[in-house]
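Hi,

Here is the structure I promised to pass on. Have a look at it first, and then read my notes below.

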Amino acid sequence: GPFWNVEDWSRSTSGGGGGGGGGGAAPDVRVEVSAEQATAPPVGGQIVWHITVSDHAGAQSAFGVYADLTLPTGFTVTNTYSDRGSGCAAAAPGLVCNLDWISPTAPGHVTIWGTVGKAGPQTLSVHVRHQYQEGNPADDTASLTLQPTAPLTPPAQPAPAKLVKPV
C-alpha cells in the first residue's frame, strides 16, 4: 500500500548492512519536571512537583526504572503519588521513586507534595536510571527552579527639600 512503516523503509533504503532495524534501539528514557506553582512560595507554603518519565518512540522498553530526586534544601515531603511501580521512598538527598518499567506507550508520572522550609529559590532535580544501556543519557536528568517573587519595593521618594536660611 501507499503507507510505509519505518522498518520497511529502513530495510529498503539502507545500502548493505546498515540500518540496525526498528525496535532494536536501546531504551531512551527522558524526564521532565514541572510545578503547579509559578514562583517559590514563602516558608510554610506548598509546592506540588510533577515528574514525567517517558521513553522515546521506537525505543525498547526500559526495565528497573528509578527516578532519583534531589529536593530543595529544607523541603518537607507531605505526600507522593506514582502511577507505576512501588512508589517513592526517602533516600538522601531526597527521594528514590521506583517506576518499574517504562515504554514508549506507557510513561510514568510522579507527583510530590511538600512544604517550603527555607526561603529563596526552590530547585528539584531528577535523574532517571534503568538496568539497560541508555540510548541518550543527555535527557535523563532535569531540574526546575522556582524563583521567589521579587519583593515589592516602593518607588524611591525624592529627598525632602532642605530649607537653607541665608546667613
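To start with a puzzle: does Y132 count as buried, partly exposed or exposed, and why? Keep in mind that this is a predicted model. The relative accessibility of Y132 is 43%, and the label "buried" needs a value under 20% while "exposed" needs one over 50%. Y132 therefore counts as partly exposed.

You'll find Y132 in the loop between β8 (122-129) and β9 (141-146). Together with F63 and W101, Y132 makes up a nonpolar patch on the surface. The accessible area of these three residues together is about 290 Å².

Now for the sheet. Four strands form an open sheet with antiparallel pairing, in the order β1-β2-β7-β4. The edges are taken by β1 (29-35) and β4 (76-82); each has a single partner strand, so one side of each has no neighbour in the sheet. From one strand to the next, the twist averages 20°.

If you wonder what holds such neighbours together, strands of a sheet pair through backbone hydrogen bonds.

Try following β7 (residues 108-115), which has β4 as an antiparallel partner over 6 bridges. Here T80 has I112 as its bridge partner, and T76 sits opposite T115. Strand β2 (residues 46-55) also pairs with β7 in the antiparallel sense, this time over 8 bridges. On that side, W49 is the residue to look for: W49 stands opposite I112 in β7. So I112 is a handy place to begin, with T80 as its bridge partner and W49 standing opposite I112 too.

Have fun with it!

Definitions and conventions: Residues numbered from 1 in each chain as written. Predicted model: local features only at pLDDT ≥ 70, side-chain atom pairs only at ≥ 80, totals over all residues. Heavy atoms only, no water. Pairing = 2+ DSSP bridges. Helix = DSSP H or I, 4+ residues; strand = E, 2+ residues; numbered from the N terminus. Axes fitted to C-alpha atoms, helices over the stretch in contact; angles between N-to-C directions. Patch = residues over 30% accessible without salt bridge, like charges linked within 9 Å, V, L, I, M, F, W, Y side chains within 5 Å. Areas by Shrake-Rupley, 256 points an atom, 1.4 Å probe, with all protein chains shown as cover. Salt bridge = Lys/Arg side-chain N within 4 Å of Asp/Glu carboxyl O. Buried < 20%, exposed > 50% of the residue type's maximum accessible area, 1.4 Å probe, protein only.
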